[in-house]
Amino acid sequence: MDGTRRGCGFRSSMMVPVAVVILMVFMVPEVSATRWTVGSNMGWTTNVNYTIWAQDKHFYNGDWLFFSYDRNQMNVLEVNKTDYESCNSDHPLHNWTTGAGRDVVPLNVTRNYYFISGKGFCFGGMKLAVHVENPPPPPTAAPVNENSSASYVILRGQYVLPAALAIGAFWDAFVQFW
């Protein structure tokens, strides 16, 4: 045998990136968005009061609206407030209709959005107004009493896992040199 280690190079070279990815997963804050199905199980259709459907919901920047409808009869048009109130579909800001009857609209700006269905259905109530706002800040943790054993548990959980992963990555990186 020539004194060199064999078979450890691949495993060692893979451990550092894996450790970095694991650390990133634990350190990235949770972000969530909601995909709202417009009209719930009724979808985007006639005989649904979309004002009532939207009234108890909070729409946040990053959420999505999912419109499901009969593609042969209806469409999804984004309009300004004046055209929303008068059901005017002549000059839409955006036509979200893709032809499949399943359209997704990203709510990526904090503002009021106004949607109508053209072809006369708006006059029957097929219109939706939503106010999009920034998400609320995450809840803050209660202050920890320094004299309690709970502070030790919190600090241990906060630092032990990243430290163990870092030590393991360094250990594995330097083992190949021995």
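Is Cys87 buried or exposed? In this predicted model, Cys87 counts as buried because its relative accessibility is 12%, which is under the 20% limit for that class.

**Figure 1. Close-up of Cys87, a residue in the loop between helix H3 and strand S5.** Helix H3 covers residues 81-86, and the loop that holds Cys87 leads from there to S5. Although Cys87 is not a glycine, its phi is positive, at about 55°. Most residues other than glycine have a negative phi.

**Figure 2. Close-up of Lys119, found in the loop between strands S7 and S8.** The two strands that flank this loop span residues 112-116 for S7 and residues 127-133 for S8. Lys119 is not a glycine either, and its phi is positive at about 60°. With a relative accessible area of 55%, Lys119 is exposed, whereas Cys87 is buried.

**Figure 3. Close-up of the open sheet of three strands, arranged in the order S1-S3-S6.** The pairing within this sheet is mixed. Strand S1 (35-37) and S6 stand at the edges and have a single partner strand each, so one side of each is left without a neighbour in the sheet. On average, and with direction ignored, neighbouring strands of the sheet are turned by 25° against each other. S1 and S3 pair in the parallel sense over three bridges, and Thr37 has Phe66 in S3 as its bridge partner. Strand S3 (residues 63-68) and S6, by contrast, run antiparallel and are joined by six bridges, with Asp63 standing opposite Leu107 in S6.

**Figure 4. Close-up of strand S6 (residues 102-107), along which the side chains alternate.** Asp103, Val105 and Leu107 point to one face and are buried. Arg102, Val104 and Pro106 point to the other face and are not buried.

**Figure 5. Close-up of Thr97, which lies in the loop between strand S5 (94-95) and S6.** Thr97 counts as partly exposed because its relative accessibility is 27%, a value between the limits of 20% and 50%. Leaving aside residues up to four places away in sequence, Thr97 touches Tyr69, Asn75, Val76 and Asp103; of these, Asp103 is one of the buried residues of S6. The side chain of Thr97 reaches the backbone nitrogen of Val76 at 2.9 Å, and a polar contact of 2.8 Å joins the side chains of Thr97 and Asn95. The C-alpha atoms of Thr97 and Ser117 are separated by 9.8 Å, while the two residues are 20 residues apart along the chain.

Terms used
Residues numbered from 1 in each chain as written. Predicted model: local features only at pLDDT ≥ 70, side-chain atom pairs only at ≥ 80, totals over all residues. Heavy atoms only, no water. Buried < 20%, exposed > 50% of the residue type's maximum accessible area, 1.4 Å probe, protein only. Helix = DSSP H or I, 4+ residues; strand = E, 2+ residues; numbered from the N terminus. Pairing = 2+ DSSP bridges. Contact = heavy atoms within 4.5 Å. Polar contact = N/O pair within 3.5 Å; in protein donor to acceptor, adjacent residues only side chain to side chain. Axes fitted to C-alpha atoms, helices over the stretch in contact; angles between N-to-C directions.
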